[in-house]
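Please load the model in your viewer, with the sequence panel beside it, and follow the selections below in order. Each stop names what to pick and then what is found there.

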Amino acid sequence: MFRRERSIPLRGSAAALCNNLSVLQLPVRNLTHFGVVHGPSAQLLSAAPEGVPLAQRQLQAKEGAGVSPPLITQVHWCVLPFRVLLVLTSHRGIQMYESDGSVMVYWHALDAGDASLVQAVFARGIAASGHFICVGMWSGRVLVFDIPAKGPNIVLSEELAGHQTPITDIATEPAQGQLDCKPLENRDCVADMVTADDSGLLCVWQSGPEFKLLTRIPGFGVPCPSVQLWQGTVAAGYGNGQVRLYEASTGTLHVQIDAHARAICALDLAPEVGKLLSAAEDTFVHIWQLSRSPEGGYIEVEHCHGECVPDTQVCGARFCDPSGSSFAVTGYDLAEILRFSSM
């Protein structure tokens, strides 16, 4: 069971965007960072365990070419082996900052040359894999940036072509987490990244100096706003409220859950314990326990908790720690981050 904790005030409402909450825990300093998008700005907040806000910073989208202020589409902390970067995506480009948002280390402007006059241009979907940061595009491409151990010498190393419609989300997991549960003969082909798009198509990749497309998991007529990856299992949340669990390397469907009555807006995983969080426009946040059957290796799912956030269009939800003992929720027209912790 979870209980409501002290909320963290925001300067304004969160925008009505899927995955509109990023969380970075800093155990050494006993702090948690929260990032929320609203219009042309992103709010960064630091809070102590009891929810007392200690610092706030507001970042603006870089103007780039255009007459109107660009809208930010996502903010996300990317944890790399040697540094943490904060990444902002917008209708103009991709901005990368030091983890506290104090210094911008890289700017990549979007090229609208191959977009039609009626097509919106934006970047969306952010994830780190090894020493790479991957960012999704309106065109369906995924840009792969090679990140140095320090400094601003970031290089666009590759563009992945697997989608025909805009990217919605990207998820990764450390390859080592899968090697421990794979037979020896399958260890050369580790699926450690999944990308999703507006058509519901999922592409599963193996990262490395050159990314390799392993399999495509077809959509079924509804978008897939949010994905996660856990021990070689893809968790995908769809616009019809379903959560589906697939074997990443083969695309085999393991489990289909009619989890919500309306579109899912966020999924998150607590990797240490295999807990999956799903949040949707039906005002509910659910927590599920994932496990593998010791006999056949199949994925098993148990519902652990359901939390209603009344009269709120939920748009972001994240665990606040790797063990899944607390989580946070944002909503449109809600000027606070709601916090919940296990009793």
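Begin with Asp311, which is found in the loop between strand E26 (299–308) and strand E27 (313–319); helices (H or I, at least four residues) and strands (E, at least two) are DSSP runs, numbered from the N terminus. Asp311 is exposed, with a relative accessible area of 82%, where exposed means over 50%, buried under 20% and partly exposed in between, computed with a 1.4 Å probe on protein chains only. If you add Asp282 to the selection, the C-alpha to C-alpha distance to Asp311 is 9.3 Å, although the two are 29 residues apart in sequence.

A word on the source: this is a predicted model, in which local features need pLDDT of at least 70 and side-chain atom pairs count only at pLDDT 80 or more, while totals for chains, interfaces and linings use all residues. Residues are numbered from 1 along each chain as its sequence is written, and side-chain values use heavy atoms, with hydrogens and water left out.

Next, select Ser326, in strand E28 (residues 326–332). Is Ser326 buried or exposed? Ser326 is buried, at a relative accessible area of 15%. Its side chain makes a polar contact with the side chain of Asp321 at 2.6 Å; such a contact is a pair of N or O atoms within 3.5 Å, where within protein one must be able to donate a hydrogen and the other to accept it, and residues adjacent in sequence count only if both atoms are side-chain atoms. Not counting residues up to four places away in sequence, Ser326 touches residues including Phe2, Arg318 and Phe340, contact meaning heavy atoms within 4.5 Å. Keep Phe2 and Phe340 displayed and add Phe327, since these three form one aromatic cluster.

Now show the rings of Tyr106 and Phe145, whose centres are 5.5 Å apart and whose planes stand at 65°, so the pair is edge-to-face; rings of Phe, Tyr and Trp (its six-membered ring) pair if their centres lie within 6.5 Å, and planes under 30 degrees apart count as stacked, over 60 as edge-to-face and the rest as tilted. Because Tyr106 lies in strand E10 and Phe145 in strand E13 (residues 141–146), the pair ties together parts that are 39 residues apart in sequence. Tyr106 counts as buried at 15% relative accessibility, and Phe145 is buried at 0%.

From Tyr106, extend the selection to the sheet that holds E10, an open sheet of four strands in the order E7-E8-E9-E10 with antiparallel pairing; two strands pair if DSSP finds at least two bridges between them. Strand E7 (72–79) and strand E10 (104–109) stand at the edges with a single partner strand each, so one side of each is left without a neighbour in the sheet. Within this sheet, five bridges join strand E9 (residues 93–98) to E10, and Ile94 has His108 as its bridge partner in E10.

Move on to strand E17 (residues 202–206) and strand E18 (residues 212–217), which run antiparallel and are joined by five bridges. Gln206 stands opposite Lys212 in E18, and the two strands form a hairpin with five residues between them, where Gly208 in the turn has a positive phi of about 160°.

Finally, select another open sheet of four strands, ordered E19-E20-E21-E22 with antiparallel pairing, whose edge strands are E19 (226–230) and E22 (253–258).
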